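Colleague: I'm new to reading protein structures, and I'd love some help. Could we go through one together, feature by feature?

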Amino acid sequence: MSNKNRIYLFTSESVSEGHPDKVADQISDSVLDAYLRIDPNAKVACEVLITGRTVIISGEVKSHARIDEIMIAREVLNNIGYNGAESGFDTDNAEYINLIQVQSPEIFQSVADGGAGDQGLMFGYATNETKVLMPMPILLSHHLMQVQADFRKKRVIDWLLPDAKAQVTIQYVNERPVAVDKVVFSSQHREGIGQHEIRKVLIDQIIDPAVQLFLPGSDPAYLVNPSGSFTLGGPQADTGLTGRKIIVDTYGGSCPHGGGAFSGKDPSKVDRTGAYAARYVAKHIVHEALAERCTVQLSYAIGKAEPVSVYVNTHGTGLISDEELTIAVNGRFDLTPEGIIRDLHLKKISYAPASCYGHFGRSEFPWEKISNNSIRSFIK
């Protein structure tokens with residue numbers, strides 16, 4: 001049976017800004033932004049561990065800028081809503097440990113003349129199953145978490161607390177999303193709220209409206225707080241680490257992942273820059289109707305500017321062969337780190353907004369913009 005006739009289920013998840021791993025990502029990217037605002041050429045690799053009542057900020061930096069990393073961490077935590085023991089972290093009564101050190105001079109030298117800061121491989125993906133050329137399951141999962149945070153902060157539902165997760169299963173027919181099959185939704189809440197009320201309110205006010213917005217007529221099964229009471233959350237219940245939600249950050253498992261995380265890394269780090277470029281290329285291919293869906297892989301060697309390899313796979317949906325498309329991509333795009341940084345303005349943006357609800361499919365980011373310089377003009 002061909003893939004075009006398959007009926008299957010596919011699942012992706014997202015987590016809230018109050019999930020401990022995402023707290024760590026937000027602190028890392030906020031530290032990065034603070035350096036880049038003062039010194040656009042700063043070299044930053046910031047990683048955070050948060051657990052119990054302790055925040056550990058670590059990593060390597062080379063910059064003339066001087067910032068207060070601990071103050072930044074406190075601001076991030078307060079903005080999320082971690083302002084007391086009930087919330088899952090008491091920002092004002094926590095211990096903060098700063099272990100930032102100077103970047104290795106050998107690593108710095110590798111990027112000084114435009115080379116990649118490390119070896120590695122990165123993937124980008126695009127599909128025409130949604131208007132923003134992203135897979136449906138991860139888009140709906142992110143939307144659910146954004147609404148949860150919005151309703152919590154505006155006190156539309158006054159017993160919501162910061163930690164939450166959503167998992168969405170979509171039914172596909174002929175490679176197209178046709179219905180939402182299941183939604184798993186877990187949200188931290190204040191004590192004294194019954195599970196029946198939690199289920200009804202979350203379904204009626206958050207989950208079902210989102211499902212009907214994305215795929216009207218769906219009648220999914222809902223699993224709301226399936227483990228029961230969820231009053232103990234946040235860093236006091238679960239340790240958070242920067243870079244541990246890389247599938248949430250990207251495509252929800254719809255394409256491979258090279259393994260590198262994004263948050264806390266300046267644009268010289270190809271883990272981040274290469275992944276943005278790969279998405280940029282894949283999105284152009286699908287936007288120009290050269291394929292219905294596309295996976296792009298880039299790989300780099302430390303100290304070298306040109307990619308070691310460029311791989312394009314249109315999964316049998318391409319208008320021309322993948323080999324011809326790869327040649328056109330190499331002609332159209334400058335995929336050196338300096339070229340990507342220049343073309344996507346990566347020294348002129350804030351990265352913290354990308355640290356929650358996905359790095360892709362959001363129009364505010366430059367790697368999501370479509371250029372007027374068409375790939376088609378490079379096809380021979």
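Colleague: Let me start with a single residue: is Ile138 buried or exposed?

Modeller: Good place to begin, and please keep in mind that we are looking at a predicted model. A residue counts as buried when its relative accessible area is under 20%. Ile138 has a value of 0%, so Ile138 is buried. You will find Ile138 in helix α4, which covers residues 136–153.

Colleague: Which residues is Ile138 in contact with, leaving aside its neighbours within four places in sequence?

Modeller: Those contacts are Ser12, Glu13, Val248, Thr250, Tyr251 and Gly252. Here is another way to place Ile138: Arg272 is 134 residues away in sequence, and the two C-alpha atoms are 19 Å apart in space.

Colleague: Ser12 caught my eye. What stands opposite Ser12 in β8?

Modeller: The general idea comes before the case. Strands of a sheet pair through backbone hydrogen bonds, and they do this either parallel or antiparallel. Here, Ser12 stands opposite Val168 in β8. Strand β1 (residues 7–15) and β8 run antiparallel, joined by nine bridges.

Colleague: And how many residues of strand β8 are buried?

Modeller: Ten of the 14 residues in β8 (residues 160–173) are buried, so this strand is mostly covered. Strand β8 also pairs with β9 (residues 176–189), again in the antiparallel sense, over eleven bridges. One pair you can look up is Ala164 with its bridge partner Ser187 in β9.

Colleague: What do β8 and β9 form together?

Modeller: They form a hairpin, with two residues between the strands. In the turn, Asn174 has a positive phi of about 55°.

Colleague: Where else can I look for a positive phi in a residue other than glycine?

Modeller: Try Leu133, with phi near 60°, and Arg155, where phi is also near 60°. Leu133 is in the loop between β7 and α4, while Arg155 is found in the loop between α4 and β8.

Colleague: Is Arg155 buried or exposed?

Modeller: Use the cut-offs: under 20% is buried and over 50% is exposed. Arg155 has 51% relative accessibility, so Arg155 counts as exposed. Leu133 has a relative accessible area of 9%, and is therefore buried.

Colleague: Now the sheets. What is the order of strands in the open sheet of four?

Modeller: The order is β6-β3-β2-β11, and the pairing is mixed. The edges are held by β6 (95–102) and β11 (240–241); each has a single partner strand, so one side of each is left without a neighbour in the sheet. Helix α1 (residues 20–38) packs on this sheet and touches β2 (43–51), β3 and β11, with its direction at about 150° to that of β2.

Colleague: How many bridges join β3 to β6?

Modeller: Eight bridges join β3 (residues 54–62) to β6, and these two strands run parallel. As an example, Glu60 has Gln101 in β6 as its bridge partner. Helix α2 (residues 69–80) lies across β2, β3 and β6, running at about 130° to β6.

Colleague: Which strands form the open sheet of three?

Modeller: That sheet has the order β7-β12-β13, with antiparallel pairing. Its edge strands are β7 and β13 (309–313), each pairing on one side only. Neighbouring strands in this sheet are turned by 15° against each other on average, direction ignored. Helix α7 packs on the sheet, touching β7, β12 and β13, and its direction makes about 30° with that of β7. Between β12 (residues 293–300) and β13 there are five bridges, and Val296 has Val312 in β13 as its bridge partner.

Colleague: Last topic: how many cavities of 30 Å³ or more does the structure hold?

Modeller: One. The largest cavity holds about 80 Å³ of space. It is lined by 14 residues, and the closest to its centre are Met122, Phe123, His257, Gly258 and Ala275. Both β7 (120–127) and α7 (270–287) supply at least two residues of that lining, and β7 gives the most, with three.

Colleague: How do the residues of that lining divide into nonpolar, polar and charged?

Modeller: Eight are nonpolar, five are polar and one is charged.

How values were computed:
Residues are numbered from 1 along each chain as its sequence is written. This is a predicted model: local features need pLDDT of at least 70, side-chain atom pairs count only at pLDDT 80 or more; totals for chains, interfaces and linings use all residues. Side-chain values use heavy atoms; hydrogens and water are left out. Two strands pair if DSSP finds at least two bridges between them. Contact means heavy atoms within 4.5 Å. Axes are lines fitted to C-alpha atoms, for helices over the stretch in contact, and angles run from 0 to 180 degrees between N-to-C directions. On a 1 Å grid over the protein atoms alone, a cavity is a set of points where a 1.4 Å probe fits but cannot get out, and a pocket is an open set with protein on both sides within 12 Å along at least five of seven lines; lining residues have an atom within 4 Å of a point. Grid points are joined across faces, edges and corners, and a volume is the space filled by probe spheres set on the points. Ala, Val, Leu, Ile, Met, Phe, Trp, Tyr, Cys and Pro count as nonpolar, Asp, Glu, Lys and Arg as charged, and the others, Gly among them, as polar. Buried means under 20% relative accessible area, exposed over 50%, partly exposed in between (1.4 Å probe, protein chains only).
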